[in-house]
Amino acid sequence: MSIKWKVIASVMLLIVIISTVFIAVFIQFSNKNIEAYIDNRIANIKIIAQSIEEQQRVVYRNRIKSFISYKNIQSREETLNAFARRDRQELQRLSQPFFKILQEENSHFSSLAWITPESRNFLRVHFPYKFDDDISTMRPDIVNANATLTPSYGYIVAGQGLIYTIVQPVLYEGNHIGLVQFAIKGDSLLDAVFAGMHTPVGFLFDNEKFRFATNTILPAISDNSITIQSGHLPLFKRIRNQVDWSLDRQRICLADKIYVIVKVLNLLSYDDKLQGTLISVLDITERTAEAANRVTWIVVLSGLLLLCSFLILYFSLGRLVHKISDLNQALNESIDHLQQQADELQQEQDLFMAGPVMTFTWENSEQLSVQQVSANVRDILGYKEEELLSGQVCYADLIHPDDRQSVASALAECKIRKMSFAHDPYRLMTRDHGLVWVLQTSIPVRNSDNVITHYRGYLVDITRTMLMEKTIQVTRDRLEFIIDGAGLGTWDWNLQTGEETFNEHYAATLGYSLAELSREFADWESRIHPDDYDRVMQTLADHLEGRSESCLSEYRLRHKSGRWIWVLGIGRIIERAENEAPQRLAGIIFDITDRKEQEELRLQTARQQEQLKQFDSLRNMAGAIAHRFNNSIMGVHGNLELLLLLLSRGTEERTRAEQALQAAKSAGQVGSMMLTYVGQRPLTLHREDLVEVVKTVITENSPLFPSAVSLQYGAGNGSLYCSMDSEQMKEVIGGIIANSVESFSEGTGEIEVDFGEGFFKADSFPIPFHDMDVKDGDYVFCRIKDSGHGISPENILRIFEPFFTTRFIGRGIGLALAVGILKAHHGALTVESHPDQGTVVTILLPSKSAPRHEIAPRQSRKPEQESDAKILQGNILFADDDTMLLEMGRKILESFGLAVHTARNGQEAVDIISRQDVHFRAVLLDVSMPDMNGIKAMEEIRAIDPDLPVVLTSGYAKDDPLFRELTMQPDGFLGKPFKLFEIRSIVAALPESISRPHRSD
């Protein structure tokens, strides 16, 4: 290949790679822009919805309090007196003017009602001729307010559909005489969102919640389980069959439109239960099409560039090099000249942008997409240039919802008159949710067809000027705020002198009299909790520096008694100097300590209940698995033992069978491990010295310790006797010490062991020990402390989970088994640890009363030789629902010389015994069987023949809760898997049943 073609190929390949990368990056960028647009719209809808809800709660809560505050407003007493006397006509006459005022203020105001303590409508002011109906079923908030005498606020679905209710108990002369209710129609929320965002919205309800709606204002559609209510119902009808309403967000295509359906906000009742969901439909068709068109043009242009590059390289490669050199020189000269001009322009721009002036170029569209913006937009509005230029943030979304209509009207007038315009001052929302007042001057930019394509203009930040004009209004708001908040702590801070003034309630909140309380700002500052100080000071600074309209914080103050109380503080600037510097700040505080403590208590209780539920679930699962596993291994174990009886000693087949039997025995230990975890492993209890048991474990394991491990015993350790299964306790202690050794870095560390006795409360134990088996009382304990790496807070709650470990897979069962063993002993185990500070594990055992008595397991012995085995005689009934186990058991019992009768369930076994045509030596019943289980069958058989011995078999342990409440005890119990000599021994040990006459045929 010639040099010319090599150069052409190299350049073409480079162009292809660059084009491909650019197209991929552009596609990714376009997708991110669309997602950012969706996220921004959703966030703005949520802001509007939450602000409307907050406004309704605060405004109407104060209005309803003033409406019944007859002690502060004497004119209200006549109204409450009429309600107390149950004078409906007088109450209607006195309430009607107030209701009309509320409706004139807010067209969405729905109802004003008086309700009796029995939750019956005494008077609907808006509908006075319908009354005395029982609303307790429809209105749980009414029932709760009457029961608790506390106000409630929240959404609820009633006869008119979704409404926002404010319910206030009414006390008159110390007596509860009923309730008063304000209600605002739910479509106020939809109207506000649509007015602010021009986006279709609606309410999504569960049909059960919507069943009380009988006279809805908005149209609605319903499916099998959900109901949608909206002013844009045709759109929701078209899309509902393609939408999965269980999803929070999804994208669908309908005809030539692309929609994103979003669950924006949950609408909660007074007790935070879901009543409905605010949903929105975003049309992203235009943005998606724009992105696709851009990609198409980029691909076409890339192809043309590739073709042109090939032709140029092919026909003029030689001249190209020479021209490139000339162009490079000319380009450098042009760059120097342009750089000089750019520097001059930059200096002019920096000077211009140093003030409160921003320049914009907007696209002529509904969203007013930004095409150009000056750099100082970040200083004034808090947004980066690229966020506005990329479309992540649209200019129309920055305009305050209350000002959007006036701005849109000004733009429409500009289009009609075809002239520039200077808009009246309006508000823009900053990134940190602050407000900036701007004065806009713009000119339209037209294309060759005289159509406006863009607007170019500048904005002047006039926030300080507007705030000065609003000083009088702010002062009035402050006066109304203090009056409506009668009984709250008020404060007034002079920023020039640093002096503060308070009312009596403020001082009482902190435990002082007004004369005792210091008036210095530094005194309040010193009372703030250290953990809240920076946040409170930042909130105050944000307000003083104009980044927020008020300062609102929940924080802790030090009470006179020294304890910390939670308060909600609200304040705002009420006076400014000529230079707009704040002069005075005023506001209120009120004590919210009880609410905070209840919230923390609920959270802590929920966490504990969830953990306890998790551990109970794991224990139930382990017990069930042990049962199933023991049943399965029983089949393997029993068949192998039968096989050994048939094989001659010394043969290879017998050797392999013996090896398989040994493996089956090892596998059977898995079931024992699971029973240990659930605390059902049988105990062999003796009075043992805990100190000696621990020392024995350490002595046996110390040769395995690294030489750098140091072990120390606490001084003055005497004997601590308690009832225990020493072998199982050695497993617990050995596992804990092994964990300590493994926690040492590079095998170096210290282990300290001490002992003691004391009183412990059960609620201080970890969650796995929170049940009725572990109680408050006196315990002896062994405390094992190591200097290892410790346990992180996020892992400390999981250390009792089976197989949880931060080491390699297969470890981690130790503490889970320790829980089962200690619970069987009615003891406990606590763990205290911090990263890099070591771990302290405390083992506790009851010091006086021993756990419940356990029958020691039979001593194992080798299977009897066939020649030595005692031949058993008689009939025996064996019942089990597992066909394989039934057949295996029959063969085992027949090998002993017994005549075996079988049954597949408890009912079949009872039927065989009830026929009384066979004299049975004993009955073996599996506990878990269909139709009738073994326990029920035992009771039925005992009723027929009280002297007939009954043996229960089960894959569950004998200590399982299933056997704790038995009304009668079996004559024997065989836990699966059991061995040949065990079943022989237990049958041989059973007493012979008394002979009874057989039924004559």
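## Helix α5 over the sheet

Helix α5, residues 187-197, lies across four strands: β6, β8, β10 (257-268) and β11 (274-283). Its direction makes an angle of about 145° with β6. The model described here is predicted.

## The six-stranded sheet

β6, β8, β10 and β11 belong to an open sheet of six strands. The order is β7-β8-β6-β11-β10-β9, and the pairing is antiparallel. β7 (220-222) and β9 (249-254) are the edge strands, each pairing on one side only. On average, neighbouring strands are turned by 25° against each other, direction ignored.

In general, the strands of a sheet pair through backbone hydrogen bonds, in either a parallel or an antiparallel way.

## Strand β6 and its two partners

β6 covers residues 201-206 and β8 covers residues 226-230. Five bridges join the two, and they run antiparallel. In the order of the sheet, β11 follows β6 on the side away from β8. β6 and β11 are also antiparallel, paired over four bridges.

Single residues show the register. G202 stands opposite S230 in β8. F203 has Q229 as its bridge partner in β8. In β11, the partner of F203 is L278.

How enclosed is β6 by the rest of the structure? Largely, because five of its six residues are buried.

## S110 in strand β1

S110 sits in strand β1, which spans residues 109-115. Is S110 buried or exposed? Its relative accessibility is 8%. The cut-off for buried is under 20%, so S110 counts as buried.

Which residues does S110 touch, leaving aside neighbours within four places in sequence? The contacts are F99, H126, Q160, A183, I184 and K185.

## Helix α23

Helix α23 runs from 883 to 895 and has 13 residues. From its first C-alpha to its last it reaches 18 Å. That is close to the 18 Å expected at 1.5 Å a residue.

The buried residues of α23 are L885, L886, M888, G889, I892 and L893. Seen down the helix axis, the buried residues fall within an arc of 170°, so they line one face of α23.

Both ends of α23 have local detail. At the start, a side-chain oxygen of D882 comes to within 3.0 Å of the backbone nitrogen of M884. After the helix comes G897, with a positive phi near 100°.

Key
Residues are numbered from 1 along each chain as its sequence is written. This is a predicted model: local features need pLDDT of at least 70, side-chain atom pairs count only at pLDDT 80 or more; totals for chains, interfaces and linings use all residues. Side-chain values use heavy atoms; hydrogens and water are left out. Two strands pair if DSSP finds at least two bridges between them. Axes are lines fitted to C-alpha atoms, for helices over the stretch in contact, and angles run from 0 to 180 degrees between N-to-C directions. Contact means heavy atoms within 4.5 Å. The expected span of a helix is 1.5 Å times one less than its number of residues. Buried means under 20% relative accessible area, exposed over 50%, partly exposed in between (1.4 Å probe, protein chains only). The arc is that of the directions from the helix axis to the C-beta atoms. A polar contact is a pair of N or O atoms within 3.5 Å; within protein, one must be able to donate a hydrogen and the other to accept it, and residues adjacent in sequence count only if both atoms are side-chain atoms.
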